[in-house]
Structures are given as C-alpha cells and as structure tokens.
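User: I should like to go through this model and ask, for each term applied to it, what justifies the term.

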Amino acid sequence: MPARDGKPPRREQILAAAADLFARAGFGGVSVGDIGSAVGISGPGLYRHFASKEAILAELLVGISEELLREGTARVSAAADPDEALAALVDWHVSFALDHPALITIQSRDLDRLAEPARRRVRRLQHDYVETWVDVVRRRSPALGAERARAAAHATFGLINSTPHSARLDRTQMRGLLTSMALASLRTLDGEVGAVAPDGRRLRG
C-alpha cells in the first residue's frame, strides 16, 4: 500500500533499488551503503527493514518465484482449453520479463548467492512453475514425452528471458515479437513426434 505521500513503503523502495543495483553491478558489487544511498537512508538504517544484504536478495528471488507460479497457475486454471492455457502462460511470462528485466537478470546470475534454505525454496518453486508449463504442453500434444516438453519449456524461458539483453524495440513491439515467436515454436511440437530427424532417426516424445 502506498504511503500518504504517494510513495511506496520504504521496504518496497529498498527492494526495487536493490534489484536495479544487483542487476547492474552484481550482488557482490553492491554494498548495504549503496542500497541505503539509493533510497535516501543510511546503511545502518537499512537494517531496520532487512537483516542483511542476503536477506534482500532472498526476498527478491523467493518473491518472484512465488509470483510466477501463483499467477501462472491461476491463468491455467482460468483457461477454457490447453490452447488458451498455453497462450495465457506465454502472455504472463512475456509480461513479467518485460516489466521486471532486473529481476530476470538477478535470477539467472545470483541464485547461487542465496543461503541453502532460500535456494532450495526458489528451486522448488521454479520446478513447480516449469511443471505447470510441461502439463499444458503435454495436454496440447499428448504424444509428447515429459522430457521433451520440459526441454521445450526451458527453451521458451531462454527466449523470453533474453529480453534484458536483447530488447531494442518499444514494449508493445517487443511483447508482440516474443509472444508470436514463443507460441510459434511451442506449436511446432504438435507435428514433431513421429517426424524424421536429419540423421534419419524417427523422433519420439
């Protein structure tokens, strides 16, 4: 909830500033003082909100993993059929990547900086999110094996999550491009099982 002056609460300000700093300089290249300066408080003052720099990183990464899974699951549940569910998942992930490029960067680069309990929590949430995609992909293409569907999901994340490094278009154009590319690649899976690979092998799920 915004404060009376219209600004977000201090805790949210700290998280947003830390995300930008971590994305630009890396977790190891940012101090508590840097984060405090970015939001107009002293380094020691930051400890009234977070126990450590590591606690900030944990809240960022656990938070985005929870949000991706929660919203992805909700969109799939609201979809009328697997085609609609797939489109909803792609739309959600593209929107998230475009809105939060700093978090995408931190997630891919700084996950190993987390303490083990938080890292396990993030890994479990990520696993469940991937499996949400795998389930939808396989409902669209029932003959497709789980491992191939899982590989397709990860490849799609790779495409969409490249946004922080590749975005050269405005948001509307980039959204359309990523969405159309992701859906086109996933829909090719319908005809993949039983096709013949370049070396003559018949592809299986």
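Analyst: The answers below concern a predicted model and take up salt bridges, burial and pockets in turn.

User: Why is the contact of Arg175 with Asp91 called a salt bridge?

Analyst: The rule asks for a side-chain nitrogen of Lys or Arg within 4 Å of a carboxyl oxygen of Asp or Glu. For Arg175 and Asp91 the N to O distance is 2.3 Å, so the pair meets the rule. By this rule the count comes to 14 salt bridges.

User: What makes the pair Arg175 and Asp91 a tie between parts that are apart in sequence?

Analyst: Arg175 belongs to helix α10 (residues 171–187) and Asp91 to helix α5 (residues 82–99), so the salt bridge ties together parts that are 84 residues apart in sequence. Asp99 in helix α5 and Arg171 in helix α10 also form a linked pair, 72 residues apart; their closest N and O atoms are 2.6 Å apart.

User: Why are Arg175 and Asp99 called partly exposed?

Analyst: Partly exposed covers what lies between buried, under 20% relative accessible area, and exposed, over 50%. Arg175 has 24% and Asp99 has 45%, so both fall in that range.

User: How do you know that Asp128 and Arg124 are separated by about one helical turn?

Analyst: Asp128 and Arg124 are four residues apart in helix α7, which means a separation of about one helical turn. Their side chains meet in a salt bridge at 3.5 Å, N to O, a value that satisfies the 4 Å limit.

User: What makes α6 mostly covered?

Analyst: Seven of the 10 residues of α6 are buried, a term that requires under 20% relative accessible area. Among them are Leu103, Ile104 and Gln107.

User: How do you know that the second largest pocket lies between domain 1 and domain 2?

Analyst: Domain 1 (9–50) and domain 2 (54–189) both give residues to its lining, so the second largest pocket lies between them. The volume of this pocket is about 210 Å³. Its lining comprises 14 residues, and those nearest the centre include Ala19, Leu60 and His100. With five residues, α4 gives the most to this lining.

User: Which classes of residue make up the lining of the largest pocket?

Analyst: That lining has nine polar, seven nonpolar and one charged residues. The largest pocket holds about 290 Å³ of space; among the residues closest to its centre are His93, Gln126 and Asn161. Helix α7 gives the most to the lining, with five residues.

Notes
Residues numbered from 1 in each chain as written. Predicted model: local features only at pLDDT ≥ 70, side-chain atom pairs only at ≥ 80, totals over all residues. Heavy atoms only, no water. 1 Å grid on protein atoms, 1.4 Å probe; cavity = no way out; pocket = protein on both sides within 12 Å on 5 of 7 lines; lining within 4 Å. Points joined across faces, edges and corners; volume = space filled by probe spheres on them. Helix = DSSP H or I, 4+ residues; strand = E, 2+ residues; numbered from the N terminus. Nonpolar A, V, L, I, M, F, W, Y, C, P; charged D, E, K, R; others polar. Domains from an automatic or database assignment. Buried < 20%, exposed > 50% of the residue type's maximum accessible area, 1.4 Å probe, protein only.
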